[in-house]
Amino acid sequence: MKIIVTSLFVQDQDKALEFYSEKLGFVKKHDVPMGKFRWITLVSPDAHDGTELLLEPNDHPAASEYQKKIFADGIPATMFGVADIHKEYNRLLENGVKFTMEPTKMGEVTIAVLDDTCGNLIQIIQK
């Protein structure tokens, strides 16, 4: 068994697609109409057959409330691994990404936290 898709609640699918593809550099894999929403997934440019990130609409009241509460408490919604966190941090800053935590050493890892502009804090980590 393996993880093939993981969901991330977003306030606006179009805005999220733009942020995750143009700012972070993920590659769109699927964009399928599903009623008033879409099944939009992205993958790492280095792993086209890897785990897909589903940009899930937060239309359900429980999803919206969950997203708002973890954001307000400063809890990242998910984590992405990077090879060189300082290089990635600088690249993202140049792309206009806003961080709530700059790269910080925590034991054997270094983490940083960014705001995806779609209701989520995202942690990046270098192991």
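Let's start at a turn point. Helix 2 is followed by Gly74, and the phi of Gly74 is positive, near 75°. Keep in mind that this is a predicted model.

Now back up into helix 2 itself. Helix 2 covers residues 61-72, which makes 12 residues. From first C-alpha to last, helix 2 reaches 16 Å, close to the 16 Å expected at 1.5 Å a residue. Which residues of helix 2 are buried? Ala63, Ser64, Gln67 and Ile70. Look down the axis of helix 2: the buried residues fall within an arc of 145°, so they line one face of the helix. Part of their cover comes from strand 1, residues 5-10. Go round to the other side of helix 2. There, Pro61, Lys68, Lys69 and Ala72 are exposed.

Next, helix 1, residues 13-23. At the start of helix 1 sits Asp12. A side-chain oxygen of Asp12 reaches to within 2.9 Å of the backbone nitrogen of Asp14. The buried residues of helix 1 are Gln13, Ala16, Leu17, Phe19 and Tyr20. Down the axis of helix 1, these buried residues fall within an arc of 165°, so they too line one face of their helix. After helix 1 comes Gly25, with a positive phi near 100°.

On to the sheet. This one is open, with 4 strands in the order 5-8-7-6 and mixed pairing. Why do strand 5 and strand 6 each have one side without a neighbour in the sheet? They stand at the edges, each with a single partner strand, so one side of each is left free of a neighbour there. On average, neighbouring strands of this sheet are turned by 20° against each other, direction ignored.

Take the pairs in turn. Strand 5, residues 78-81, pairs with strand 8, residues 121-126, in the parallel sense over 4 bridges. Phe80 stands opposite Ile124 in strand 8. And what packs on the sheet? Helix 3, residues 85-94, which touches strand 6, strand 7 and strand 8. The direction of helix 3 makes about 170° with that of strand 6.

Last, the hairpin. Strand 6, residues 98-106, and strand 7, residues 109-115, pair in the antiparallel sense over 6 bridges. Lys98 stands opposite Asp115 in strand 7. How many residues lie between the strands of this hairpin? There are 2, and in this hairpin Gly107 takes a positive phi near 70°.

So we end as we began, on a glycine with a positive phi: Gly107 here, Gly74 after helix 2.

Methods:
Residues are numbered from 1 along each chain as its sequence is written. This is a predicted model: local features need pLDDT of at least 70, side-chain atom pairs count only at pLDDT 80 or more; totals for chains, interfaces and linings use all residues. Side-chain values use heavy atoms; hydrogens and water are left out. The expected span of a helix is 1.5 Å times one less than its number of residues. Buried means under 20% relative accessible area, exposed over 50%, partly exposed in between (1.4 Å probe, protein chains only). The arc is that of the directions from the helix axis to the C-beta atoms. Contact means heavy atoms within 4.5 Å. Two strands pair if DSSP finds at least two bridges between them. Axes are lines fitted to C-alpha atoms, for helices over the stretch in contact, and angles run from 0 to 180 degrees between N-to-C directions. A polar contact is a pair of N or O atoms within 3.5 Å; within protein, one must be able to donate a hydrogen and the other to accept it, and residues adjacent in sequence count only if both atoms are side-chain atoms.
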